[in-house]
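Please walk me through this structure in a viewer. Tell me what to select at each stop and what is found there.

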Amino acid sequence: MKTTEHGIESSGDVEYLHHLRLMALLQELVRVKGYKGAARVLEIDPQTVTASAKTGQLSRRVRQALERALQEGAGSAAERQRQRNEALEARVDGLEGGHAALAKGQDELGKELRRRLVAVEGGIEALRRDAAQGTGAGARAEGSGEAQAGARRTGGPSPLRSRRRREYPDLVTLEPAGDDEEVFGDAWPLIVEWRELKNVHPHRGKGLSWLAGQERLLEVEMALLETHGMTLPPEKRPLRGFDRDGQTTWRRKALFNTRRERARQERLRQARRVLTLGLWWD
């Protein structure tokens with residue numbers, strides 16, 4: 001006989017190896033459970049099990065019962081394989097859980113660092129505005145003093161009036177003031193748009209039109225908070241550090257939900273138009 005590249009010489013060798021495997025399973029069942037216990041597992045009578053185990057001859061019925069038990073995972077070899085599989089699955093689950101926890105921790109750390117950076121930048125910008133306004137107020141006071149002195153010398157009224165300095169230049173207000181553009185600087189166009197949206201956009205609503213307005217309102221508010229370091233009503237004083245998180249966190253979540261709902265409704269509208277051959281109109 002010549003051995004093939006797989007180490008099996010003929011179909012007879014394959015049958016012989018299969019027979020040995022079935023006999024090994026039968027002997028293991030008898031050794032562990034006894035003849036009666038092995039008979040219960042194989043669902044055949046104990047006498048047949050006893051005869052097969054002692055003679056090494058497997059009837060067709062015994063062979064089928066052993067093959068069925070082998071497929072169902074009977075025997076120590078199958079049990080060891082199951083244990084190895086379960087251990088491997090547990091290890092994979094543990095690695096996946098650790099990776100997810102690490103990714104979540106990194107994401108939270110990144111968000112916290114960004115919040116702190118925005119807070120610091122907002123504080124620096126507020127200090128710059130305060131310093132600039134203080135310098136401007138000093139110059140105006142000096143000019144006003146000279147004008148008033150000249151007015152006293154000539155006996156006429158002062159051509160300049162003292163202007164009250166804004167106490168909180170980084171606090172957005174709904175009520176307009178004459179010096180808004182000067183006080184708010186680069187944030188002024190967004191504040192104008194924000195006031196208009198607050199006046200016309202209903203607090204509650206539904207439909208794509210309302211969702212579009214809500215999305216834009218939240219985008220403007222997030223830009224005012226994160227880019228320009230402003231504080232929005234109903235606060236009466238500017239927020240610093242972690243106190244600003246409350247104003248940004250819920251708006252960020254609301255913006256995400258609004259965009260998702262708007263995309264969902266747009267898909268539904270498109271589906272309705274397709275189903276009605278373009279006859280559906282919102």
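The tour below starts with the whole chain and then goes from stop to stop.

**Whole chain.** Keep in mind that this is a predicted model. Show the chain as a cartoon: its secondary structure comes to eight helices and zero strands. Read along the sequence, the pattern is therefore one helix symbol after another, α-α-α-α-α-α-α-α. Of the 282 residues, 30% count as buried. Switch to a surface view, and about 19700 Å² is exposed, with carbon and sulfur atoms supplying 55% of that area. As for contacts in the chain with a separation of 6 or more, residues 24 or more positions apart account for 52% of them.

**The loop after α1.** Select E43, which lies in the loop between α1 (11–42) and α2. E43 is not a glycine, yet it has a positive phi of about 60°. Is E43 buried or exposed? Its relative accessibility is 62%, so E43 counts as exposed, the cut-off being over 50%.

**Helix α2.** Next select residues 46–55, which form α2. Within this helix V49, T50, S52 and A53 are buried. Move on to G56, just after α2, where phi is positive again, at about 80°.

**The largest nonpolar core.** Select L26, V30, L42, I44, V49, L58 and L66 and show their side chains. These residues have the most contacts inside the largest nonpolar core, which has 17 residues. Each of α1, α2 and α3 (60–71) supplies at least two residues of this core. The largest share comes from α1, with nine residues. Now centre on L58. Leaving aside neighbours within four places in sequence, L58 is in contact with H19, L22, M23, L26, S52 and L66.

**A second core.** Select V183, L190, L217 and L225. They are among the 14 residues of a second core, separate from the one just visited.

**The largest pocket.** Which residues lie closest to the centre of the largest pocket? Select K198, H203, L217, E221 and W250: of the 16 residues that line the pocket, these are the closest to its centre. The pocket has a volume of about 310 Å³. To see where the lining comes from, colour α6 (188–200), α7 (207–227) and α8 (245–275), each of which supplies at least two lining residues. By class, the lining has nine nonpolar, four polar and three charged residues. L217 has now appeared twice, as a member of the second core and as a lining residue of this pocket.

**E215 in α7.** Stay on α7 and select E215, which is found in that helix. This residue has a relative accessibility of 12%, so E215 counts as buried, the cut-off being under 20%. Not counting residues up to four places away in sequence, E215 touches L255, T258, R259 and R262. Draw a distance between the C-alpha atoms of E215 and R259: they are 6.7 Å apart in space, though 44 residues apart in sequence.

**The loop between α7 and α8.** For the last stop, select P233 and P234. A cis peptide bond joins these two residues, with omega at about 15°. P234 has its place in the loop between α7 and α8.

Note on methods:
Residues numbered from 1 in each chain as written. Predicted model: local features only at pLDDT ≥ 70, side-chain atom pairs only at ≥ 80, totals over all residues. Heavy atoms only, no water. Buried < 20%, exposed > 50% of the residue type's maximum accessible area, 1.4 Å probe, protein only. Helix = DSSP H or I, 4+ residues; strand = E, 2+ residues; numbered from the N terminus. 1 Å grid on protein atoms, 1.4 Å probe; cavity = no way out; pocket = protein on both sides within 12 Å on 5 of 7 lines; lining within 4 Å. Points joined across faces, edges and corners; volume = space filled by probe spheres on them. Nonpolar A, V, L, I, M, F, W, Y, C, P; charged D, E, K, R; others polar. Contact = heavy atoms within 4.5 Å. Areas by Shrake-Rupley, 256 points an atom, 1.4 Å probe, with all protein chains shown as cover. Core = buried A, V, L, I, M, F, W, Y, C linked by side-chain atoms within 4.5 Å.
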